[in-house]
Amino acid sequence: MKSTNFHLVLVLFASFLFFGIGLSDLCQKGTKLIEGNYYCQAVKAVRYKNVGHSGSYEEIISMSGDGSCGTSTKHFNGKLSPFDEELSLHIRGPALVKQVAVYVPGRSDRKSEKRVGHGHMHSHLKAANNANNANHNAFVKKDKVIATIDGQVVSWENNWFGPSADSSSTTLPTTFVTSDKTTFVGVTNEVTESTTICPASQTGGVSATKIDDKPDSAVPKPTTPSIADDLTDNKDTSKLKNSYKRIGYYEASSQTVEKLVFLGNFGGQGSGVFDNHYGASLAYANSNGTGGFPTSQILADTLIPSRNEVIITTDKKCNNNDCGFVRPGAVAYHGFDGADKIFLIEIGMPSDGQTGAEGDQPAVWMLNTKIPRTMQYGRCSCWPSCGELDIAEALSVGSHYMKSTVHAHASGGDSDYFNRPLQGTATIITIMGKDEIFIGVVSNMKFPEKLTSHDLDAMIDEDATSVSDFTIA
């Protein structure tokens, strides 16, 4: 690390919090409770530490015609596990996606493709679609989330599971009181189960440190570490130590795509498959991101509407079982693999005025690609233990606050938030390496063919005075 003094400040800060000395974190500056979710302060970046753990998940190895699934226990152990496995990138509208780039350590090896996508959409049978929606909601997603609320660390069981076609489901406020008589308000979902918020003493001692978002004149900008130096430490690739190559790229206005494919859970609409047991499989997305298509299309320079989701993977198709088990008939491609990877996304999230289930609720997130390749919304899935990273997600209709959460064998969610880019676009950078995930909002730019440690340091320096650090328990 470049700055020993900066590191020492963080260590001392964490020590003061641990021993109860009254230093303020951002949640102590004030909180907002909106539809059962706590929001603390706006930040430019969130850094998740201690992300990787040893653990296991139940990997799907078969999907039978009667709707039953076979599983096998998959063990993992690594500094970023399970996020060092293949990941797919997911974007839910309303969203204007202007650029996407993916980087891994190494030399740039550009091979571009430029073509014009077509916007024809194949319709889906209404009855099949309704059955798919019903199947979609048949599984209850459970996950333990840990967060800092009003200066206390609390945990609860997260029962939310993706899009829902049933807009009649409601959430009811539930009041919980901690051991020191502090009252919190949680949410009880009538369709699933109660969410429980526990006292800090029962959370396993998770620590969270914050750097206040004071103006540059009040807080000196620290010297940041050389991220690429930290992430690449292989003697055989020493010449590439400070270089990240671009392995995938999309630019909307020129309709340029390099080594990326746009998919969606649109099985039965021109490609992929659909049945009443498993719903819709992965299929090629049409150019508007609103339905399926028989062949691969380039995402148009257009608004992805509310409730619609586009999935981005590499253009390397699964073949000869090299992706593990894939649902028969699904359109399946490899995800973005490796323990060191960087994602740049230029995106706008204007309000489209939609209400109801997932109306006007944009999101950007990543999944272990094994999830969509079997059943993204349902019981035949390795979720959550095999990994989901919510990069920036609106949790209520029309919300201007975008939160992040790590779902895996060990989970956690920061209560500080990003401001939603309602006007124009913002560039979100996600850096995965060692045992950390850094998510930050940086200046818009043309995404280069390679990134160096100097480039990354400059991006992170932009956010240095407004970073929220969160340690996964």
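Start with isoleucine 347. Skip its neighbours within four places in sequence, and it is in contact with Ile91, Ala95, Leu96 and Val97. The list goes on with Val364, Pro421, Thr425, Ala426 and Ile428. Keep in mind that this is a predicted model.

Where does Ile347 sit in the wider packing? It belongs to the largest nonpolar core, a set of 48 residues. Ile347 is one of the members that touch the most other members. The others in that group are Tyr48, Phe83, Tyr250, Ile312, Leu389 and Ile437. There is also a second, separate core. That one has 17 residues, including Ala45, Tyr103, Tyr244 and Leu456.

Next, a charged residue. Aspartate 414 lies in strand β26, which covers residues 412-419. Is aspartate 414 buried or exposed? Its relative accessible area is 0%, so it counts as buried, the cut-off being under 20%. What does its side chain meet? A polar contact of 2.6 Å joins it to the side chain of serine 468.

Now the cavities. How many are there of 30 Å³ or more? The count is three. I'll take the second largest, with about 50 Å³ of space. Its lining is Glu59, Ile60, Cys323, Gly324, Phe325, Lys370, Thr374 and Cys382. Two elements give two or more residues to that lining: strand β4, residues 55-63, and helix α4, residues 370-374. What is the lining by class? Four residues are nonpolar, two are polar and two are charged.

That covers the cores, the buried aspartate 414 and the second largest cavity.

Notes:
Residues are numbered from 1 along each chain as its sequence is written. This is a predicted model: local features need pLDDT of at least 70, side-chain atom pairs count only at pLDDT 80 or more; totals for chains, interfaces and linings use all residues. Side-chain values use heavy atoms; hydrogens and water are left out. Helices (H or I, at least four residues) and strands (E, at least two) are DSSP runs, numbered from the N terminus. Buried means under 20% relative accessible area, exposed over 50%, partly exposed in between (1.4 Å probe, protein chains only). A polar contact is a pair of N or O atoms within 3.5 Å; within protein, one must be able to donate a hydrogen and the other to accept it, and residues adjacent in sequence count only if both atoms are side-chain atoms. A nonpolar core is a set of buried Ala, Val, Leu, Ile, Met, Phe, Trp, Tyr and Cys residues joined through side-chain atoms within 4.5 Å. Contact means heavy atoms within 4.5 Å. On a 1 Å grid over the protein atoms alone, a cavity is a set of points where a 1.4 Å probe fits but cannot get out, and a pocket is an open set with protein on both sides within 12 Å along at least five of seven lines; lining residues have an atom within 4 Å of a point. Grid points are joined across faces, edges and corners, and a volume is the space filled by probe spheres set on the points. Ala, Val, Leu, Ile, Met, Phe, Trp, Tyr, Cys and Pro count as nonpolar, Asp, Glu, Lys and Arg as charged, and the others, Gly among them, as polar.
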